[in-house]
2 protein chains.
Amino acid sequence: MARNIKIKMARAELNYPQKTLADKVGVSRQTINAIEQGDYNPSINLCKNICKVLGKTLDELFWEE
Amino acid sequence: MARNIKIKMARAELNYPQKTLADKVGVSRQTINAIEQGDYNPSINLCKNICKVLGKTLDELFWEE
DNA sequence: ACAAAATGTCAAGTCTATTTGACATTATTT
DNA sequence: AAATAATGTCAAATAGACTTGACATTTTGT
């Protein structure tokens, strides 16, 4: 799995540490960290929730050519 | 989980039965069926693979306002 | 109307996402 | 420089995605 730098950048725009994003999404901090590190393959619902909290779409955060 | 009619429509455009899509994606037919029925919450990698096979993006198949 | 293909669904098993708790390291603030 | 916050990572446990196999029902083709 590839690292996801886009989530990290979107977090930075909002000044959200991993913990804040995790709380808003309703998931553990380790889960957010693991996704950013590319350690695993999150569910689409989790991805959608992350997108909503960060004000982005799936294509913006999770799509790559 | 909501039913996903968009995958069904994209399949129809290409005349792919569930089995064909499943084979091309490398997953079981039941998994495709369950996703279309909204029976569960697939992983983002599986969603991406479905998108690639159907020639759509994540936003087109999995995003809803 | 018949046959064949496609779909919906169930149950039992396996694999892995996600959790909690904990600790070490790196960045930020004072 | 010291204190605090943020990040990376590990291990053990749990929940749920996904598999295979099987069968019933619906749809499509002849």
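**Helical elements at the DNA strands and between the protein chains**

In this predicted model, the surface near DNA strand D draws at least two residues from each of three helices, namely α2 (18-25) and α3 (29-37) of chain A and α3 (29-37) of chain B. The largest contribution comes from α3(A), which gives 4 residues to the surface near DNA strand D. In total, 17 residues surround DNA strand D. The closest of these are A:P17, B:T31, B:Y40, B:N41 and B:P42, so named from both chain A and chain B. Divided by class, the surface near DNA strand D comprises 10 polar, 5 nonpolar and 2 charged residues.

DNA strand C is likewise surrounded by 17 residues, and the closest are A:S28, A:T31, A:Y40, A:P42 and B:P17. Two or more residues of the surface near DNA strand C are given by α3 of chain A, by α2 (18-25) of chain B and by α3 of chain B. Here α3(B) gives the most, with 4 residues. The class composition of the surface near DNA strand C is 5 nonpolar, 10 polar and 2 charged residues.

The arrangement of the two protein chains was examined next. Chain B is superposed on chain A by a rotation of 180° with 0.0 Å of shift along the axis, at an RMSD of 0.0 Å. The two copies are therefore related as by a two-fold rotation axis. Within chain B, the C-alpha nearest this axis belongs to B:S43 and lies 2.0 Å from it.

The contact between the chains takes 11 residues from chain A and 11 residues from chain B. On the side of chain B that touches chain A, α4 (44-54) and α5 (58-62) of chain B each supply at least two residues. This side of chain B is made up of 6 nonpolar, 4 polar and 1 charged residues. Of the interface residues of chain B, 100% are also interface residues in chain A, so the copies meet through the same surface.

In the fold of the individual chain, the secondary structure of chain A amounts to 5 helices and 0 strands, and the order along the sequence is α-α-α-α-α. The radius of gyration of chain A is 10 Å; this agrees with the value near 11 Å for a compact globule with 65 residues. Along the principal axes, the C-alpha atoms of chain A fill a box of roughly 30 × 20 × 20 Å. Buried residues make up 25% of the 65 residues of chain A. Among contacts in chain A that link residues at least 6 apart in sequence, 58% join residues at least 24 apart.

In soluble globular proteins, nonpolar side chains tend to be buried together. The largest nonpolar core of the model has 26 residues, and the most contacts inside this core are made by A:C47, A:L58, A:L61, B:C47, B:L58 and B:L61. At least two residues of this core come from each of α1 (5-14), α3, α4 (44-54) and α5 (58-62) of chain A, and from each of α1 (5-14), α3, α4 and α5 of chain B. One of the core residues, A:L61, is in contact with A:K6, A:I7, A:A10, A:I50, A:C51 and A:K56, when its neighbours within four places in sequence are left aside.

B:P42, one of the closest residues to DNA strand D, is located in the loop between α3 and α4 of chain B. With 21 other C-beta atoms within 10 Å, B:P42 is buried, because the threshold for burial is 20 or more. Residues up to four places away in sequence not being counted, B:P42 touches B:I35 and B:C47 as well as A:S43 and A:I44 of the other chain. B:P42 and B:E64 are separated by 22 residues in sequence and, from C-alpha to C-alpha, by 16 Å in space.

A backbone feature is found in the loop between α1 and α2 of each chain. Most residues other than glycine have a negative phi. A:N15, in the loop between α1 and α2 of chain A, is not a glycine and has a positive phi near 55°. This residue counts as exposed, with 7 C-beta neighbours inside 10 Å. In chain B, B:N15 occupies the loop between α1 and α2 and has a positive phi of about 55°. B:N15 is exposed, with 7 other C-beta atoms within 10 Å.

Methods: Residues numbered from 1 in each chain as written. Chains lettered and ligands numbered in written order. Predicted model: local features only at pLDDT ≥ 70, side-chain atom pairs only at ≥ 80, totals over all residues. Near = placed C-beta within 6 Å. Nonpolar A, V, L, I, M, F, W, Y, C, P; charged D, E, K, R; others polar. Contact = placed C-beta atoms within 7 Å. Core = buried A, V, L, I, M, F, W, Y, C linked by C-beta atoms within 7 Å. Buried ≥ 20, exposed ≤ 12 C-beta atoms within 10 Å, placed from the backbone. Least-squares fit on C-alpha atoms with pLDDT ≥ 70 in both. Rg over C-alpha atoms; globule rule 2.2 N^0.38 Å.
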